[in-house]
Amino acid sequence: MTWFHRRALVFAGMVLIALLWTGRATAQEYRSGSIAIGNPWSRATPPTAQVGGGYFSITNSGTEDDRLVAVRSPVARRVDVHEMKMDGSIMRMRALEDGLVIPAKTTVILESGSYHLMFIDLTAGFVKGARIPATLVFEKAGDIDVVLEVLPLGAKPPERGR
Ligand SMILES: [Cu+2]
């Protein structure tokens with residue numbers, strides 16, 4: 001390996017560290033009472049998509065269960081909390097009519113293939129780099145305003161910063 005190649009490798013390493021550091025620094029947490037929301041994000045939607053997803057962690061550090069009962073956002077006509085469940089050999093999603101329980105001293109992760117938010121009838125598609133405002137309404141902790149960072153279509157979940 002030449003001097004130049006070694007230099008290039010060191011430089012690439014520094015860039016990588018800087019990128020990881022930036023990712024860490026932008027990890028967001030929002031809290032109210034015993035509830036903390038970690039790192040909300042979404043994926044860019046295809047041009048004609050009517051729905052978009054929403055993902056984050058919900059940590060309940062309290063001694064009582066809480067419940068995510070509703071979600072509002074100006075970018076969608078309606079936002080549901082969905083769960084994915086196997087129905088025979090088919091994966092289906094359905095809206096949780098009674099909300100999502102966050103047991104005391106527990107973290108619940110919303111992610112692809114599991115619980116997630118579903119933004120329905122989007123006013124505009126989610127574009128990479130956009131910031132999507134949403135209000136999460138908890139039975140006990142009340143309203144928590146969050147901003148979801150829109151990652152590229154097909155992006156992997158970001159580091160959770162936990
Ligand atoms: Cu869904």
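These questions and answers go through a predicted model and the rules behind its labels.

User: What should I know about the model before we start?
Analyst: It is a predicted model: local features need pLDDT of at least 70, side-chain atom pairs count only at pLDDT 80 or more, and totals for chains, interfaces and linings use all residues. Residues are numbered from 1 along each chain as its sequence is written, and side-chain values use heavy atoms, with hydrogens and water left out.

User: What makes a residue a donor to the copper ion?
Analyst: Donors are N, O and S atoms within 2.8 Å of the metal (3.2 Å for Na, K and Ca); water is not among the atoms, so sites may look incomplete. His 82 (ND1), Met 93 (SD), His 116 (NE2) and Met 118 (SD) coordinate the copper ion at 2.1 to 2.2 Å. Their spacing in sequence is H-x10-M-x22-H-x1-M.

User: Why is the site of the copper ion called tetrahedral?
Analyst: Four donors count as tetrahedral if all angles lie between 85 and 135 degrees. Here the 4 donor atoms make angles of 98 to 119 degrees, so the site is tetrahedral. Ideal angles for four tetrahedral donors are 109.5 degrees.

User: Which strands hold His 82 and His 116?
Analyst: Strands (E, at least two residues) are DSSP runs, numbered from the N terminus. His 82 lies in strand β5 (residues 76-87) and His 116 in strand β9 (residues 116-122), so the pair ties together parts 34 residues apart in sequence.

User: How do you know whether His 82 and His 116 are buried or exposed?
Analyst: Buried means under 20% relative accessible area, exposed over 50%, partly exposed in between (1.4 Å probe, protein chains only). His 82 has 9%, so it is buried. His 116 has 4%, so it is buried too.

User: Why is the pair of Trp 41 and Tyr 55 called tilted?
Analyst: Rings of Phe, Tyr and Trp (its six-membered ring) pair if their centres lie within 6.5 Å; planes under 30 degrees apart count as stacked, over 60 as edge-to-face and the rest as tilted. The count comes to 2 aromatic pairs. Trp 41 and Tyr 55 are 4.8 Å centre to centre, with 40 degrees between the planes, so the pair is tilted. Trp 41 lies in strand β2 (residues 35-43) and Tyr 55 in strand β3 (residues 51-60), so the pair ties together parts 14 residues apart in sequence.

User: What makes Phe 119 and Phe 126 an edge-to-face pair?
Analyst: Their rings are 5.5 Å centre to centre, with 75 degrees between the planes, so the pair is edge-to-face. Both Phe 119 and Phe 126 are buried.

Key:
Tetrahedral: all angles 85-135°; square planar, octahedral: opposite > 155°, others 65-115°. Helix = DSSP H or I, 4+ residues; strand = E, 2+ residues; numbered from the N terminus.
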